[in-house]
Amino acid sequence: MAFELNGNTYETDEEGYLVNLGDWSEDVAGFLAQQEKIDLTQNHWEVVNFLREYYNDYQIAPAVRVLTKAIGKKLGADKGNSKYLYELFPYGPAKQACKIAGLPKPTGCI
Amino acid sequence: MAVVEFETPRLKEYPVIPILQAGAMAHSQPFAAAAPIQKALGFPGELVEDWQEQAIAKMGELLGKYRSLKVYLDTCVHCGACSDKCHYFLGTGDPKNMPVARQDLMRKVYRRYFTFTGKYFPKLVGAEDLTREVLAEWYTYFNQCSECRRCSVFCPYGIDTAEITMAAREIMDSIGMGQKYSNEIIGKVHKIGNNLGLPGPALEDTLAGLEEDIKDATGADVKLPLDVQGAEVMLVTPSADFFSEPHVESLIGYAKVFHQAGISWTLSSHASEAGNFGLFIGNYEQMRSISMRVREAALELGVRRIAVGECGHAWRVAYSFWNTLIGPFDFLDQNYPVPQHICEVTYDLIRRGALTLDKAANDHRIVTFHDSCNVARGSSMGNMPRGQFIIPREIIRACVNNFHDMAPESIYESTFCCGGGGGLLTDDLIELRVKGALPRMEALKQVVDEHGVNFMATICAICKAQFGKVLPYYKFDMDMVGGVHQLVSSAIRLGAKQ
Ligand code: SF4
Ligand code: SF4
């Protein structure tokens, strides 16, 4: 599967996750978010950027606890919980935010 | 996510057998495993040219290897006792989801090629060729069975549809028709060490973060040790315990139990996964090689005991198959069960008075317990009859003041699957998962209405993830599901014993 954006073609898997990590850009993120019916605010970007940084270091998305803690530090303790993350990404922070961040989908019993 | 349009079933006052809706789930299929995923497991990358011949040969091989499979295919008398016992039938109304109908998908092919009458008078016995259409039906409906074995409890002959499903998936894999979710995950276990694909350094970082959290919350130095040589106990747990909510709360619970009991323990980066999807795809070799990591890690670390965390099918594999697959365990301490469920560890400590549990810490919770299918119908605990039902409930009762069981026909050996077991916990099957959860949701609603239950405890990572996802479809809070050791974690008093 694939989608077109600004004259470029981007390959995705069956569920719309980017196949090539290197294809990601802010515009691509915007497009993917739109598909998910999400308007990216500054707070969404904090999450997306953290996911990308963490992935860069560890080759995996952060565990939910690691993510909530990091977001709590950046956006305030009242936002450092999964409830808030679900408000931002209703289909689940791990899966939906990873998609927008251009990372592969986490698998397993999650 | 792809928008799937379907209606969530209405919760009824009492369960009724649904009106038949032929073909209601004929459209529901999981994504196929792509060639690289298949090949990594030694399966053909795509449907092989002589698939029919190969499939029948494979079926013959399995019939020879597993006597039970032949008996199951021969003995069904179509009495119908199983027909309304499957949660997927109850939730979808699709007659092909009646266990007997699911079996018949294989039975008709078996009769055609392996019985005298089927070979010469196929119409007489409902025997059918393995055509492309039949194969497509296999892929559809053998991926709508969570291998939960509930039907087998009600069958007068004990016919186990789960085993037939496993055989069908094994045959399909062998001709290049694998399912993406399970096979991708098995590939990750071999490559990275766990279902999630969580590499060692990430695991280390995650555990260090959790130690900090526990310290902040309790002031105690509870450790989550990794790869510690010479520890007494090695804990093997589902990788979801490291990654997800509410799973991680139970991981913290196990750590507190070991800490408070003064037992030295360790996790292993080599065996950083208890789950074993080899079971789900019915592949003995996969089941064995995935299990082997546990033996290797235990020997390498020189531990004396192996404990298994809250994971239903892992416990079935450990309890029922490890000895044959990766035994003997003569290098372990024989004074303890080999292997030992984390609930057995905790229960034993509670009975010996080694833990101080403050039930009032859970007073905001009114608790029920969901028996997970693989624990309930594929294992036991505590070296006593029905221990797998008694022990988790005894732990809960020691940790909470308010506990209410759900309706008797929905618990113990009659428990309903969560709807996401057996390799079906994937977004491409969300409609099936939501509908298959209906019988459990109805039983839950009853105790919610009658007793105000607000927490459903369980000891399976799949159940936790599945309920977290489907509870909101039924207007329940996703936080209602959690682990037994999550309750232990809240109740346990750390520090010197008073
Ligand atoms: S094993 Fe479970 S899911 Fe499969 S047919 Fe029987 S009741 Fe249904
Ligand atoms: S209960 Fe057993 S014998 Fe009766 S129809 Fe079902 S599988 Fe066949």
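Of the contacts in chain A with a separation of 6 or more, 47% are accounted for by residues 24 or more positions apart, a value that, like every other one here, is computed from a predicted model. The chain in which these contacts arise has five helices and two strands, and along the sequence the elements follow the pattern β-β-α-α-α-α-α, with the strands leading and the helices following. The radius of gyration of chain A is 13 Å, close to the 13 Å that the globule rule gives for 110 residues, so the chain is as compact as a globular protein of that length. Taken along the principal axes, the box filled by its C-alpha atoms is roughly 40 × 30 × 25 Å.

Turning to burial and surface, 54% of the 110 residues in chain A are buried, while the accessible surface of the chain comes to about 5,200 Å², with 47% of that area belonging to carbon and sulfur atoms. Chain A carries 11 positive and 15 negative charges, and the mean positions of these two sets lie 11 Å apart.

In chain B, attention can be directed to Cys145(B), which is found in the loop between α7 (132-141) and α8 (150-154). Cys145(B) has a relative accessible area of 8% and, because buried means under 20%, it counts as buried. Leaving aside residues up to four places away in sequence, Cys145(B) touches Tyr88(B), Arg102(B), Thr165(B), Arg169(B) and Leu424(B). With Leu424(B), the contact joins residues that are 279 residues apart in sequence, although their C-alpha atoms are 8.2 Å apart in space.

Notes:
Residues are numbered from 1 along each chain as its sequence is written. Chains are lettered from A and ligands numbered from 1 in the order in which they are written. This is a predicted model: local features need pLDDT of at least 70, side-chain atom pairs count only at pLDDT 80 or more; totals for chains, interfaces and linings use all residues. Side-chain values use heavy atoms; hydrogens and water are left out. Helices (H or I, at least four residues) and strands (E, at least two) are DSSP runs, numbered from the N terminus. The radius of gyration is taken over C-alpha atoms; the globule rule is 2.2 Å times the number of residues to the power 0.38. Buried means under 20% relative accessible area, exposed over 50%, partly exposed in between (1.4 Å probe, protein chains only). Contact means heavy atoms within 4.5 Å. Accessible areas come from the Shrake-Rupley method with a 1.4 Å probe; for residues, only the protein chains shown count as cover. Lys and Arg count as positive and Asp and Glu as negative; His and the chain ends are not counted. The place of a charge is taken as NZ of Lys, CZ of Arg, CG of Asp or CD of Glu.
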